[in-house]
Amino acid sequence: IQSLASLLKSQGISRNLSEAKKIHARVLCGKYCRNRYLGNLIIEMYGKCGSTKDASQAFESMHGPNLFSWNILLTAYAHNGHISDANRVFESMPVWDIVSWTAILTAFCQNDQLDQAKIIFERMPEWNSVSWNSLLAAYALSGHLEESKQLFDNMPEKNVLSWNLMLQANVQAGNVEEVLLLFHEMPQHDIVTWTSIVRVYAVTGHLEKSKQAFDVMPERDSFSWNMLMTAYSQHGYVSEAKELFDQMPENDVTSWNVMITAYFQNGDMEKAMKTFEESPDGDVFSWTCIVAAHAQNGDLETAQELFEKMPQRNIVSFNAMITAYGESGLPEKAKEMFSRMPQRNTVSWNALLQAYAQRGHLEESYEIFTVIPEPN
RNA sequence: UUAACCUACUGUUACC
């Protein structure tokens, strides 16, 4: 049973739906097909693979779901952006614990529904550090620095995550001094703290200090290595980035994507493509990167071809194509792509608007502008 | 084995 469990967990991490279904079938054939623990892991696995449909089917077919099952289903919807389904699950579940409350709170927070989030927060019967951090994250990661500070100062319990969130808010604002002040003030540092330091120096152009922070941090993981690689790449030091890539103990999919992006952004399409083809498991980032790369080089046909071949697409991949059509003066094509999208965000709307505006289609542009749900 | 395992919060890459 433990081996099945770890199989289900690892499948959730690698997010491959067809493999996930095979493992599910294997569990169904065995004697543990009615085991609730495994049943819960199956729901979770599907959620992590991006299939809320399979997650909810697994939930429906399980015998006697427990509170874990409900919470996992709720989280599966929330993590895939299906906020109203998540809310429906929340409202229909028999009992709530602090995890359920925090999960729905986080769902609203991460979908920029701060008003709803606040209502939930006030309705909650109890709070712990996770719920406080969840609300803090909503402010800290969306550029609401002042509100973050106020919340942070009034939080009854803070842990290293809370401090890291405040760091992150200031990293995003580019406040190096404030980041360093917080760094010295906080009671503990962890690997996330240190990676934020590497980042804040990188984004403010202090590459040397970024490297120094990387060198003195007590431990490094793939996030920190990838961060430093990105820092070098974004300052034009591609070969240094490649050295780090070769030097790091393990290349994950992000490391590969950083290198693909590094080559492309520094004008070496050939190496970008070669790296893409060599990478063991490309994901939606890798694909979108090379689609965008071809599009930005004016090779729309290849971009289109690759786009249709993508194993999975998301909003960003569609946005890249819309932008490409717009820049090539093909607003009709942009519109066609736009209408194919299952979901859209403000970037999608702006890209469509741009496509028409650039060609001087004043009326269409205006029409689009007036129907953008959340213009910026 | 009135035990254990599964669920909620922070850092890296693609479109703008």
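Student: Why is Arg-88 called partly exposed?

Tutor: This is a predicted model, and in it Arg-88 has 46% relative accessibility. Buried means under 20%, exposed over 50%. The value falls in between, so Arg-88 counts as partly exposed.

Student: What makes Asp-85 and Arg-88 a salt bridge?

Tutor: Their closest N and O atoms are 2.7 Å apart. The cut-off is within 4 Å, so the pair qualifies. Side chains of opposite charge can pair when their charged atoms come close.

Student: Why are Asp-85 and Arg-88 separated by about one helical turn?

Tutor: Because they are 3 residues apart in helix α6, residues 83-92.

Student: Is Asp-85 buried or partly exposed?

Tutor: Partly exposed, because its relative accessibility is 23% and buried means under 20%.

Student: What makes Arg-340 and Glu-308 a salt bridge?

Tutor: The closest N and O atoms are 2.9 Å apart. That is within 4 Å, so the rule is met. This pair links distant parts of the chain: Arg-340 sits in helix α22 and Glu-308 in helix α20, 32 residues apart. Salt bridges that share partners also join Glu-308, Arg-313 and Arg-340 into one network.

Student: How do you know that Thr-106 makes a polar contact with RNA strand B?

Tutor: An N or O atom in the Thr-106 side chain is 3.2 Å from a sugar or linking oxygen of the strand. The limit is within 3.5 Å, so this counts as a polar contact.

Student: What about Ala-320?

Tutor: Here a backbone N or O atom lies 3.4 Å from a sugar or linking oxygen of RNA strand B. That is also within 3.5 Å, so this counts too.

How values were computed. Residues numbered from 1 in each chain as written. Chains lettered and ligands numbered in written order. Predicted model: local features only at pLDDT ≥ 70, side-chain atom pairs only at ≥ 80, totals over all residues. Heavy atoms only, no water. Polar contact = N/O pair within 3.5 Å; in protein donor to acceptor, adjacent residues only side chain to side chain. Salt bridge = Lys/Arg side-chain N within 4 Å of Asp/Glu carboxyl O. Helix = DSSP H or I, 4+ residues; strand = E, 2+ residues; numbered from the N terminus. Buried < 20%, exposed > 50% of the residue type's maximum accessible area, 1.4 Å probe, protein only.
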